[in-house]
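Student: I've never looked at this one before. Could you walk me through it, one question at a time?

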Amino acid sequence: MRGRRRAGIVTVAGLVTLMGLTGCVPFACSAIGWSNTLAVQLDGDTSAVDQVQLCTDAGCAPAEDVDMTGPLGFVSVEDQAGDSWTFSVGMMRLERFTVRTLAGDGTVLSDTEVTSEWVRVGGSEQCGGPGEATVTVQP
């Protein structure tokens, strides 16, 4: 009985070592969710710009009429300083979308189609994590 027990322990230890050496050790991702950040840099005369929105086929956000249960419901302005608008976009990674600039009275000043390149800034390759992207448009 004692020999079987020792053989079992040696076998388990060997398997754990082998899994560790081959990279097959199971792991758990600690982050359940995160928020990606998209920066929109306005280049040019921004004196008339009062608001910036991110637009997809589902609509534009942030906006009063946005479907809060849809993907654009996660879009919010995190910061606005000078000509730079920073958006929190939930776990979305908008790749091809339109940046809309609006005047104070709601007049659309520009609609510019952009493509963003996301960079992961946290988490891991296996589990994912928060990302950041920056796009530049002229109002």
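Tutor: Sure, and one term before we start: two strands count as paired if DSSP finds at least two bridges between them. Keep in mind too that this is a predicted model.

Student: Got it. So which residue stands opposite Val-108 in β7?
Tutor: Start with the strands around it: β6, residues 96–102, pairs with β7 in the antiparallel sense over 7 bridges. Across from Val-108 in β7 you find Leu-102.

Student: Which residue takes a positive phi in the hairpin of β6 and β7?
Tutor: Look at the turn of that hairpin, where 5 residues sit between the strands. The phi there is positive, near 95°, and the residue that takes it is Gly-106.

Student: Let's zoom out. How many helices and strands are there in the protein?
Tutor: Reading along the sequence gives the pattern α-β-β-β-β-β-β-β-β-β. Counted up, that comes to 1 helix and 9 strands.

Student: In what order do the 4 strands of the open sheet come?
Tutor: The pairing in this sheet is antiparallel. Its edge strands, each pairing on one side only, are β3 (59–61) and β7 (108–115). On average, neighbouring strands here are turned by 30° against each other, ignoring direction. The order is β3-β2-β6-β7.

Student: Over how many bridges do β2 and β3 pair?
Tutor: β2 covers residues 51–56, and its pairing with β3 is antiparallel. One bridge to look for links Thr-56 with Gly-59 in β3. The count for the two strands is 3 bridges.

Student: What about β5: how many of its residues are buried?
Tutor: Strand β5 runs over residues 84–88 and is mostly covered. To count as buried, a residue needs under 20% relative accessible area. In β5 that holds for 4 of its 5 residues.

Student: Which residue of β5 is the bridge partner of Gln-41?
Tutor: β1 and β5 pair in the antiparallel sense over 5 bridges. In β5, the partner of Gln-41 is Ser-84.

Student: And which residue of β5 is the bridge partner of Asp-79?
Tutor: Here you want β4, residues 76–81, which pairs with β5 in the antiparallel sense over 5 bridges. In the hairpin of β4 and β5, with 2 residues between the strands, Gly-82 takes a positive phi near 60°. As for Asp-79, its bridge partner in β5 is Thr-86.

Student: Now the cysteines. How many disulfides does the structure hold, and how are the bonded cysteines paired in sequence order?
Tutor: A disulfide is a covalent bond between the sulfur atoms of two cysteines. The structure holds 2 of them. With the bonded cysteines numbered in sequence order, the pairing is 1-4, 2-3.

Student: How many residues apart in sequence are the parts tied together by Cys-29 and Cys-127?
Tutor: These two cysteines are joined by a disulfide, S to S 1.8 Å, and with -80° about the S-S bond the link is left-handed. Cys-29 lies in the loop between α1 and β1, and Cys-127 in the loop between β8 (119–120) and β9 (131–137), so the pair ties together parts that are apart in sequence by 98 residues.

Student: Is the disulfide of Cys-55 and Cys-60 left-handed or right-handed?
Tutor: Cys-55 and Cys-60 are joined with an S to S distance of 2.0 Å. The torsion about their S-S bond is about 110°, so this disulfide is right-handed.

Student: Is Cys-60 buried or exposed?
Tutor: Its partner Cys-55 has a relative accessible area of 7% and is buried. For Cys-60 the value is 17%, and the cut-off for buried is under 20%. So Cys-60 is buried.

Student: Is Ile-32 buried or exposed?
Tutor: Ile-32 is found in the loop between α1 (2–22) and β1 (37–42). Its C-alpha atom is separated by 9.2 Å from that of Gly-129, 97 residues apart along the chain. The relative accessible area of Ile-32 is 83%, and over 50% counts as exposed, so Ile-32 is exposed.

Student: Last one: what share of the residues in the protein is buried?
Tutor: The accessible surface of the protein comes to about 9100 Å², and 53% of that belongs to carbon and sulfur atoms. Of the 139 residues, the buried share is 32%.

Conventions: Residues are numbered from 1 along each chain as its sequence is written. This is a predicted model: local features need pLDDT of at least 70, side-chain atom pairs count only at pLDDT 80 or more; totals for chains, interfaces and linings use all residues. Side-chain values use heavy atoms; hydrogens and water are left out. Buried means under 20% relative accessible area, exposed over 50%, partly exposed in between (1.4 Å probe, protein chains only). Axes are lines fitted to C-alpha atoms, for helices over the stretch in contact, and angles run from 0 to 180 degrees between N-to-C directions. Accessible areas come from the Shrake-Rupley method with a 1.4 Å probe; for residues, only the protein chains shown count as cover. A disulfide is a pair of cysteine sulfur atoms within 2.5 Å.
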